[in-house]
Protein chains: 2
Amino acid sequence: MRIGVLAKAAGVSVPTIRYYESIGLLTPPARLGGQRIYGVEALNALSLIRHCRALDFSIDETRDILASVERRLPCSDTKSFAEKHLGAIRQKIAELRALEARVASLVSGCETTCCGSTAPDCVILQPGCGAA
Amino acid sequence: MRIGVLAKAAGVSVPTIRYYESIGLLTPPARLGGQRIYGVEALNALSLIRHCRALDFSIDETRDILASVERRLPCSDTKSFAEKHLGAIRQKIAELRALEARVASLVSGCETTCCGSTAPDCVILQPGCGAA
DNA sequence: GCTTGAACCTCAAGTGGCTTGAGGGCGTAG
DNA sequence: CTACGCCCTCAAGCCACTTGAGGTTCAAGC
């Protein structure tokens, strides 16, 4: 199949496929008249890549996962990738929740404290206020 | 003061200050012998920028906030920036929580279902599994 | 056989918010 | 006068693509 067909089948854009090839994530396919011709294994690989990216694995992590699939490594490897990733996600959530609390308290502080003053005096913008 | 002193006082790096100047976030200061000489107002501005960035406002949002401070706009403007930002933070948290649930269920699915199989067959990597 | 239009090709630059590095100039203390 | 630290500019790198320019190939209709 040609690149446009592959793109639709896998649900990614055509330039993205070429980008994945350029960084060595997809192996370069055969060419006919200069145009890329893909087989089913390319669709499988690309679908897996898309799955990993949808789970927010980085390109490098995705590369490692692809390698573990190609080498038929045990499932426990896959699980440890996912667990590590899960830890990163949870850490980011924790950071964002702390930030949320900080901004929320600044907003409510503004509502109660600086009623009707000007931006330079707003509690939201005071350097010390809401520091980590 | 010179750029290194300003950097330490405000808690940012020297290249960051030059970067902020290059994108028009900080106004270019006077020069002595080619070197930047800053006054106290630059420290105030840079501290405010740092505060906004620590609250994870984007550069563009920070630029708008700086403008509202310079124009002494009412505090309500500042609050609406913060509220909009808070909404964005909460949305990102919601997305990450959905992702967390997805990955967590894949991991536990791997533990219960695919005991000891290989990566290509692991439930974590099956395209349909855990889709949004 | 010729034309048209869609799909394909490569290469370069842009996104955000800096950081890092190369290669040099200025200022001051010994 | 030399050594050292601080300063300067400009360019490239990070991540994961997207967008655009300018040109080639393919399939279909006449």
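**View 1. Phosphate contacts of DNA strand C.** A polar side-chain atom of B:Arg53 lies 2.6 Å from a phosphate oxygen of DNA strand C. For A:Arg31, the distance from a polar side-chain atom to a phosphate oxygen of this strand is 3.0 Å. The side chain of B:Ser13 likewise places an N or O atom 3.0 Å from a phosphate oxygen of DNA strand C. The model is predicted: local features require pLDDT of at least 70 and side-chain atom pairs pLDDT 80 or more, whereas totals for chains, interfaces and linings use all residues. Residues are numbered from 1 along each chain as its sequence is written, chains are lettered from A and ligands numbered from 1 in the order in which they are written, and side-chain values use heavy atoms, with hydrogens and water left out.

**View 2. The protein surface near DNA strand C.** Of the 18 residues around the strand, A:Gly4, A:Arg18, A:Arg36, B:Thr16 and B:Arg53 come nearest; a residue is near a strand if one of its heavy atoms lies within 4 Å of it. Elements that each supply at least two residues of this surface are α1 and β2 (35-37) of chain A and α2 (14-22) of chain B. Helices (H or I, at least four residues) and strands (E, at least two) are DSSP runs, numbered from the N terminus. The largest share, four residues, comes from α2(B). The surface divides into five nonpolar, eight polar and five charged residues. Here Ala, Val, Leu, Ile, Met, Phe, Trp, Tyr, Cys and Pro count as nonpolar, Asp, Glu, Lys and Arg as charged, and the others, Gly among them, as polar. Of the strand atoms within 4 Å of the protein, 87% belong to sugar or phosphate and the rest to bases.

**View 3. The interface of chain B and chain A.** In this interface, 46 residues of chain B are in contact (heavy atoms within 4.5 Å) with 46 residues of chain A. The rule finds four salt bridges across the interface, each a side-chain nitrogen of Lys or Arg within 4 Å of a carboxyl oxygen of Asp or Glu. A:Arg90 and B:Glu100 meet through their side chains in a salt bridge, at 2.7 Å from N to O. On the side of chain B that touches chain A, α3 (40-54), α4 (59-70) and α5 (75-112) of chain B give two or more residues. The largest share of that side, 22 residues, comes from α5(B).

Methods. Polar contact = N/O pair within 3.5 Å; in protein donor to acceptor, adjacent residues only side chain to side chain.
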